[in-house]
Amino acid sequence: MRAFVFPGQGAQTIGMGRALADAYPTAKAIFDEVDEALGENLSGLIWDGDIAELTLTRNAQPALMATSLAAMRALEAEGVSISAASFVAGHSLGEYSALAAAGALTVADTARLLRLRGTAMQEAVPVGVGAMAAILGLDFATVAEIAEEAAQGEVCQAANDNDPGQVVVSGHKAAVERATVIAKEKGAKRALLLPVSAPFHCSLMTPAATVMAEALDDVEIKTPAVPLVANVEASSVTDPAAIRSLLVEQVTGSVRWRESVAYMATKGVTDVFEIGAGKALCGMVKRIDRSLTATAVGTPEDVVAVAAALKD
């Protein structure tokens, strides 16, 4: 069994997806559709722009989705449909890419939702007030305890359970900084602040969750062609009403990626394909369960190789 997974923020690079667009008209059509939906030349920023501007949350989120959907369309052009997977999943914003790939959301709606999500998440907390930090070498339960100890009346939460040795904390900057000190005292290999513009996946994002709840109420969500393994529950869901609710919860809730991958493995998944930019999820998958194979699908060469393998 296979799972198609979709990357989140941090995977963005200038030029991503351009080779796919050049090689596959259906991939190019995705970038055109996203540009039209947003009323701007986002593809120009992705391919020829400034990395600092692309990294802005409001740009990175729809840009990464566009690149993932372009890779998916390229796979389809080579004869591999979404039904080749038994599950889809995405890391944070990647959950929207997964839903679009599975036909639950239109590309245009997904682009607009992610632009709004990125803007709302950025505006929820003034720049400099919040922070996120990666804690390496400690498990989720330990880091959750550290975050609670570090809070001291402020917000500090375990936000991303990425893999057995990587947990991200999020919250007020001072509290997150305290968490990095405590983590090192408790034996963390590393504890470093991340170059992000806002403290995602913690209660400080509540204003953004409110914005997304209103926006999602106005968007049609269909039953996905393939079950989604949701970030906040680490289990599969197909009901559109449940998906709508989980997308709102996801803004302030933890990304339970380690548990999501483990869940898919217990359901029989043996091969995971990362659709879009980068290879970060492949690394996480292999650290979560060494019995799983993980393959990145982000270039025309990747697409051809994967399509040939899946047809055999």
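How many bridges join strand 3 (residues 130-136) to strand 6? Four bridges join them, and the two strands run antiparallel. Here two strands count as paired if DSSP finds at least two bridges between them.

A few conventions first. This is a predicted model, in which local features need pLDDT of at least 70 and side-chain atom pairs count only at pLDDT 80 or more, while totals for chains, interfaces and linings use all residues. Residues are numbered from 1 along each chain as its sequence is written, and side-chain values use heavy atoms, with hydrogens and water left out. Helices (H or I, at least four residues) and strands (E, at least two) are DSSP runs, numbered from the N terminus.

## The sheet

Strands 3 and 6 belong to an open sheet of four strands, in the order 4-5-3-6 with antiparallel pairing. Strand 4 (156-163) and strand 6 (190-193) are the edges, each with a single partner strand, so one side of each has no neighbour in the sheet. From one strand to the next, the twist averages 20°; angles run from 0 to 180 degrees between N-to-C directions, and axes are lines fitted to C-alpha atoms, for helices over the stretch in contact.

Helix 13 (residues 280-288) packs on this sheet and touches strand 4 and strand 5 (166-172). The direction of helix 13 makes about 85° with that of strand 4. Contact means heavy atoms within 4.5 Å.

Moving across the sheet, six bridges join strand 4 to strand 5 in an antiparallel pair, and the two form a hairpin with two residues between them. Strand 5 also pairs with strand 3, again in the antiparallel sense, over seven bridges. As general background, strands of a sheet pair through backbone hydrogen bonds, either parallel or antiparallel.

Some bridge partners can be picked out in the structure:

| Residue | Partner | Strand of partner |
|---|---|---|
| Ala134 | Leu192 | strand 6 |
| Ala133 | Leu193 | strand 6 |
| Ala133 | Val169 | strand 5 |
| Met132 | Ser170 | strand 5 |
| Asp163 | Gln166 | strand 5 |

Ala133 is a handy residue to select, with Val169 as its bridge partner in strand 5 and Leu193 opposite it in strand 6.

How is strand 3 placed with respect to the rest of the structure? Six of its seven residues are buried, so strand 3 is largely enclosed by the rest of the structure. Strand 5 is mostly covered, with six of its seven residues buried. Buried means under 20% relative accessible area, exposed over 50%, and partly exposed in between (1.4 Å probe, protein chains only).

## Two helix pairs

Helix 8 (residues 140-151) and helix 9 (residues 173-185) pack with their axes 8 Å apart, at an angle of about 130°. That makes helix 8 oblique to helix 9, given that angles under 35 degrees count as roughly parallel, over 145 as roughly antiparallel, 65 to 115 as roughly perpendicular and the rest as oblique. The crossing is right-handed: the near helix is turned clockwise from the far one by less than a right angle, where anticlockwise would be left-handed.

On the helix 8 side the contact is made by Ile146, Glu149, Ala150 and Ala151, and on the helix 9 side by Ala175, Arg178, Ala179, Ile182 and Ala183. By class, this contact has seven nonpolar, no polar and two charged residues. Ala, Val, Leu, Ile, Met, Phe, Trp, Tyr, Cys and Pro count as nonpolar, Asp, Glu, Lys and Arg as charged, and the others, Gly among them, as polar.

Ala175, found in helix 9, counts as buried at 0% relative accessibility. Leaving aside its neighbours within four places in sequence, Ala175 is in contact with Ala150, Ala151, Glu154, Val155 and Cys156.

The other pair is helix 5 (residues 57-77) with helix 6, packed at about 35° with axes 9 Å apart, and this crossing is right-handed too. Met65, Ser68, Leu69 and Met72 of helix 5 meet Ser97, Ala100 and Ala101 of helix 6. These residues divide into five nonpolar, two polar and no charged.

## Two positive phi values

Most residues other than glycine have a negative phi. Ser92, in the loop between strand 2 (87-90) and helix 6 (94-101), has a positive phi near 60° and is buried, with a relative accessible area of 11%. Ala234, in the loop between strand 7 (228-229) and strand 8 (236-237), has a positive phi of about 55° and counts as buried at 9% relative accessibility.
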